[in-house]
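Hi everyone, thanks for making time. I'd like to walk you through one structure today, so have a look at the screen while I talk.

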Amino acid sequence: MKIVPSIEKESPDEIRRFQESKVRELLMHVAQHSPYYQKIFSATGVDVSAFKGLDDLSLFPTTSKDEFHNHNWEFLAVPSSRIVEYTSTSGTLGNPVTIALTENDLQRLAYNECISFTCADGTPDDLFQLMLTLDRQFMAGMAYYEGIRKLGAGLIRVGPGLPSMQWDIIHRLKPTALVAVPSFLIKLIEYAHAQGINLAASSVKKVICIGEALRTSDLQLNILGTRIKDAWDVALYGTYASTEMQTAFTECEHGRGGHHHPELIYVEILDDAGEPVPMGTPGEITITTLGVEGMPLLRYKTGDIAVAYQDSCRCGRNTLRLGPVLGRKQQMIKLKGTTVYPPGVFDALNEVGDVIDYVVEVVSGRLGTDELRLHLLVKESAQQATIERLKEVFKARLRVAPTIMFVTQAEIDKLQLIGKSRKPKRFIDSRS
Ligand SMILES: [Zn+2]
C-alpha cells in the first residue's frame, strides 16, 4: 500500500489553490495566538485581511534566524501546558533554538515522515535500521521513528554506533533499509571491505541519506554519492529537513530532488532583496509552516541555498522539488568570476585522491573577492602529485588556484575544533 496524499498528484493550479487556503489558516493562527507575529503585524501595519492570495504573501515580513533566536519564546502560540516535547536545533551556527511541539505537532511530524518514507519507496514490509541520534532533543531522530511506525514498517534503533556494531546487527536482523549520513556509509563500506563482507549479498536494498547532499546542482550523484554507489549497489534517497521547518523534502526513486508536501509547508525561493528568483536559479529556501500549532513560522529564511524545480516528476507527483542544499547563505564564497559554497569546495577536494583530511579556509582577497586556503593532510610521498591534481581540478571546477598548505594530523585536529561547535569543522571563515 502506498500512501500518497491525493493533492500531490493534482495540477499545479490546484496545488496552489490548496496552499492558498492553508497559508490563510496559518496567518489567522499566528495573528490570534503568536505574540511575536502580533507584535510584528501591528508594528508594520499589515493584517490578515490583506491576504487575498499567495501573491499577497510578500506583503508580510520575513522572519530571520536571529529573530527566532532572540525572541524564541514569543513564537510560542499555545499555552505552555499544551507542550509535550521540547526539541532543539543543533546550533552549528550560534546558540540553539528551542522548538516546542504540541501533541498535534507530533502527529503532524509523524505523518510528514510517513509520507516522506513512502516517497522513498518505503513500505510496511521494510525493516529500517536507524544509524542516528535518537535523544539529545534531536527532532529528526524522533520524527523518523514515529514516521516509520506510522508507515507500519519495522525498526531497529541502533543509533550512531561503530561500523562493527552496525554490521553485526545487519547480519543478525537483516534490515532492508538504512537511515544514515552518507559519509558514514563510506565507513561501513570500508569496514566491509576490510572484513571481507560481501556487500552485494547483504539484506540492505535502500538507504535514506540524511544530513549531507548526495547530488550536485544538476541532480547527478556527487563524488560522495558516486563513491557509495560504485561500491554498494543500493538505492539512495536524499532528504533535506530542519528542526525549524518540522518538515522533510525527500527524493523518490527518480532522484530528481526532494519532493515538497503541500499539506505541510509553503516554500518560496528568494534572492538577497527578498524577491522570488526565477525557477531553476539558486536562492534562499524560505518557508511558512502549515498546520503547526506550537511554534508556527511565517516566511522563515532558513539560510540554506538551493534550486527548486517545478516540472512534474515521473513518479506522478506535481509538487515542487528542492535540489541539494548548495550551502549556507552567509558562507557564500566570491571567487574571480564565480561563486561557490563550502560543499562545492569539499566536492572538488573529494575528487582528488590521497587527501586524507582537510580544512578549507576562506580569507579576504584584494578587489573584493575571496581567496581559498586549503589545509591538507596528505602523505609526504603523495604531496607533489596532489598539488598537480588539485590545480587541475580547481581550475576546471572553480577557475581558481587555491593556496595549498600541508599540515599534520595534530594540526588538522586543532583546526577542526576551533569555535563552539561540537561537530568537527571543515570550513573556517577568516574574512574580515
Ligand atoms: Zn518523484
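So, let me start with a question: what covers the buried residues of helix 7? Before I get to that, some housekeeping. This is a predicted model, where local features need pLDDT of at least 70, side-chain atom pairs count only at pLDDT 80 or more, and totals for chains, interfaces and linings use all residues. Residues are numbered from 1 along each chain as its sequence is written, and side-chain values use heavy atoms, with hydrogens and water left out.

A word on names, too. Helices (H or I, at least four residues) and strands (E, at least two) are DSSP runs, numbered from the N terminus. When I say buried, I mean under 20% relative accessible area, with exposed being over 50% and partly exposed in between, using a 1.4 Å probe and protein chains only. Contact, or touching, means heavy atoms within 4.5 Å.

Okay, back to helix 7. The cover over its buried residues includes helix 6 (163-173), strand 5 (177-180), strand 6 (206-209), helix 8 (223-231) and strand 7 (235-242). And which residues are buried there? They are Pro 182, Phe 184, Leu 185, Ile 186, Leu 188, Ile 189 and Ala 192. Helix 7 itself covers residues 182-195, that's 14 residues, and it spans 20 Å from first C-alpha to last, close to the expected 20 Å. Expected here means 1.5 Å times one less than the number of residues. Right after helix 7 comes Gly 196, with a positive phi near 70°.

Now strand 5, which we just met as part of that cover. Strand 5 is covered on both faces: Ala 177 and Val 179 are buried on one side, Leu 178 and Ala 180 on the other. As a reminder, side chains in a regular strand alternate between the two faces of the sheet. Strand 5 runs parallel to strand 3 (residues 127-130), with three bridges joining them; two strands count as paired if DSSP finds at least two bridges between them. Gln 129 has Leu 178 as its bridge partner in strand 5. Strand 5 also pairs with strand 6, again in the parallel sense, over four bridges, and there Ala 177 sits opposite Lys 206.

Strand 2 has a similar story to tell. Five of its five residues are buried. Thr 98, Ala 100 and Thr 102 point one way, Ile 99 and Leu 101 the other. Strand 1 (residues 83-88) runs antiparallel to strand 2, joined by five bridges, and Glu 85 is partnered with Leu 101. If you want one residue to click on, try Thr 98: leaving aside neighbours within four places in sequence, its contacts are Asn 72, Trp 73, Tyr 86, Thr 87, Ser 88 and Met 295.

On to the metal. Which residues hold the protein donors of the zinc ion? Cys 252 (SG), His 259 (NE2), Cys 313 (SG) and Cys 315 (SG), lying 2.1 to 2.3 Å from the ion. Donors are N, O and S atoms within 2.8 Å of the metal (3.2 Å for Na, K and Ca), and water is not among the atoms, so sites may look incomplete. The donor atoms subtend angles of 100 to 116°, which makes the arrangement tetrahedral; the cut-off for that is four donors with all angles between 85 and 135 degrees. For comparison, the ideal angle for four tetrahedral donors is 109.5 degrees. The sequence spacing of the donor residues is C-x6-H-x53-C-x1-C. His 259 in strand 9 (residues 258-259) and Cys 315, in the loop between strand 13 (308-309) and strand 14 (321-322), are 56 residues apart, so the pair links distant parts of the chain. Both His 259 and Cys 315 are buried.

Last stop, an open sheet of four strands in the order 10-11-12-15, with antiparallel pairing. Strand 10 (265-270) and strand 15 (327-328) are at the edges with a single partner strand each, so one side of each has no neighbour in the sheet. Strand 10 pairs with strand 11 (residues 283-289) over six bridges, with Leu 270 opposite Glu 284. Helix 1 (residues 12-33) packs on this sheet, touching strand 10 and strand 11, and its direction makes about 100° with that of strand 10. Those directions come from lines fitted to C-alpha atoms, for helices over the stretch in contact, and the angles run from 0 to 180 degrees between N-to-C directions.

That's my tour, thanks!

Definitions and conventions. Four donors count as tetrahedral if all angles lie between 85 and 135 degrees; four count as square planar and six as octahedral if opposite donors are over 155 degrees apart and all others between 65 and 115; anything else is irregular.
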